[in-house]
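Take a moment to turn the structure around on your screen before reading on. We will walk through it together, one part at a time.

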Amino acid sequence: MSNKNKYLVCALTLCAIGAVSAGLIALTNEITHDIIIENENKMVKKALEEVLPDAEKFSEEKNDFSFTPNYLQKYYIAYGNNDEQLGYVYLTSGSNQYGQIKMMVSISNNEIGQISIVSNTQSFASTLEEGYIVPYQNGDISIEDVKCGATFGAKLIKEMAEEARYDYSLKKGDDN
């Protein structure tokens, strides 16, 4: 067999392997797509209950933002007893050179409330959780106190929460 034929056989073999691999990935995606969507919806429902536990019900998801957001994906209006409005819960997503963070944040009376991480692929994910999210949730630090080993992730969380608060203030007519 000549060198030309060897290269041709090698190239065709690699193409066949690539085509079969791509087909298997596409098939796997098709099979798991509905399961992934269902699991994400469960995580969002759980996060809604975590960030505003006093809410009796939430509106359907909305995405009519007052500006073109960088991080906001959708929001829900939370209602308590007698359909009183308790606040808004925003689903946000942002990324930087260290990965992506998807989180839910509650806003009431133009104040940032609880935060729940839906997904975190940051390279310093555990440091971010332990050094920033947990102390914030416990009331030990404010959203402005970014002092941990995962500063870029913490700043991203702060920016996403601030953007949610900004949209909330525009919806409520508050210029703060």
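What follows is a short tour, from the overall layout to a few individual residues.

Before we start, keep in mind that this is a predicted model. The protein chain contains three helices and five strands. Reading from the N terminus, their order is α-β-β-β-β-β-α-α. The chain has 176 residues, and 34% of them are buried. If you take the contacts between residues with a separation of 6 or more, 44% join residues that are 24 or more positions apart.

Let us look at how some of the strands are arranged. Strand E2 (72-79) and strand E3 (85-96) pair in the antiparallel sense, with seven bridges. To find one of these pairings on your screen, look for Tyr76, whose bridge partner in E3 is Val89. The hairpin of E2 and E3 has five residues between the strands, and there Asn82 has a positive phi near 55°.

E3 also pairs with E4, again in the antiparallel sense, over nine bridges. Here you can look for Tyr90, which has Val105 in E4 as its bridge partner. The hairpin that joins E3 to E4 does so through two residues.

Now for the inside. In soluble globular proteins, nonpolar side chains tend to be buried together. The largest nonpolar core here has 21 residues, and those touching the most other members are Tyr90, Met103, Val105, Ile107, Ile115, Ile157 and Met160. Which elements give two or more residues to this core? They are strands E2, E3, E4 (99-108) and E5 (111-120), together with helices H2 (125-137) and H3 (151-172). H3 gives the most, with six residues.

Ile107 is a good place to zoom in. Leaving aside residues up to four places away in sequence, Ile107 touches Gly87, Tyr88, Tyr90, Ile112, Ala161, Ala164, Arg165 and Tyr168. There is also a second, separate core, made of twelve residues, and Leu48, Tyr76, Leu91 and Val118 are among them. You have already met Tyr76 as the bridge partner of Val89, while Tyr90 and Val105, which are bridge partners too, both appear in the largest core.

Let us stay with helix H3 for a while. How far apart are the end C-alpha atoms of H3? They are 31 Å apart; at 1.5 Å a residue, the 22 residues of this helix should span 32 Å, so the two values agree. The buried residues of H3 are Gly153, Ala154, Leu156, Ile157, Met160, Ala161, Glu163, Ala164, Arg165, Asp167, Tyr168 and Ser169. Notice that this list includes charged residues such as Glu163, Arg165 and Asp167. Just after the helix, Gly173 takes a positive phi of about 80°.

Two of those residues take part in salt bridges, so let us follow each in turn. Arg165 meets Glu162 in a salt bridge, with 2.7 Å from N to O. Both residues lie in H3, three residues apart, which is about one turn of the helix. Is Arg165 buried or exposed? Arg165 counts as buried because its relative accessible area is 16%, and the cut-off for buried is under 20%. Glu162, at 26% relative accessibility, is partly exposed. Arg165 also touches Ile107, the core residue we zoomed in on earlier.

Asp167 forms a salt bridge with Lys171, and their closest N and O atoms are 2.9 Å apart. These two residues are also both in H3, four residues apart, or about one turn of the helix. Asp167 is buried, with a relative accessible area of 0%, whereas Lys171 is partly exposed at 23%.

For one more example, move to helix H1 (residues 3-51). Here Lys42 forms a salt bridge with Glu38, and the closest N and O atoms are 3.4 Å apart. Why are Lys42 and Glu38 separated by about one helical turn? It is because they are four residues apart in H1. Glu38 is partly exposed, with a relative accessible area of 44%. In total, the structure has eight salt bridges, and you have now seen some of them, including the pair of Lys42 and Glu38.

Definitions and conventions. Residues are numbered from 1 along each chain as its sequence is written. This is a predicted model: local features need pLDDT of at least 70, side-chain atom pairs count only at pLDDT 80 or more; totals for chains, interfaces and linings use all residues. Side-chain values use heavy atoms; hydrogens and water are left out. A nonpolar core is a set of buried Ala, Val, Leu, Ile, Met, Phe, Trp, Tyr and Cys residues joined through side-chain atoms within 4.5 Å. Buried means under 20% relative accessible area, exposed over 50%, partly exposed in between (1.4 Å probe, protein chains only). Contact means heavy atoms within 4.5 Å. A salt bridge is a side-chain nitrogen of Lys or Arg within 4 Å of a carboxyl oxygen of Asp or Glu. Two strands pair if DSSP finds at least two bridges between them. The expected span of a helix is 1.5 Å times one less than its number of residues.
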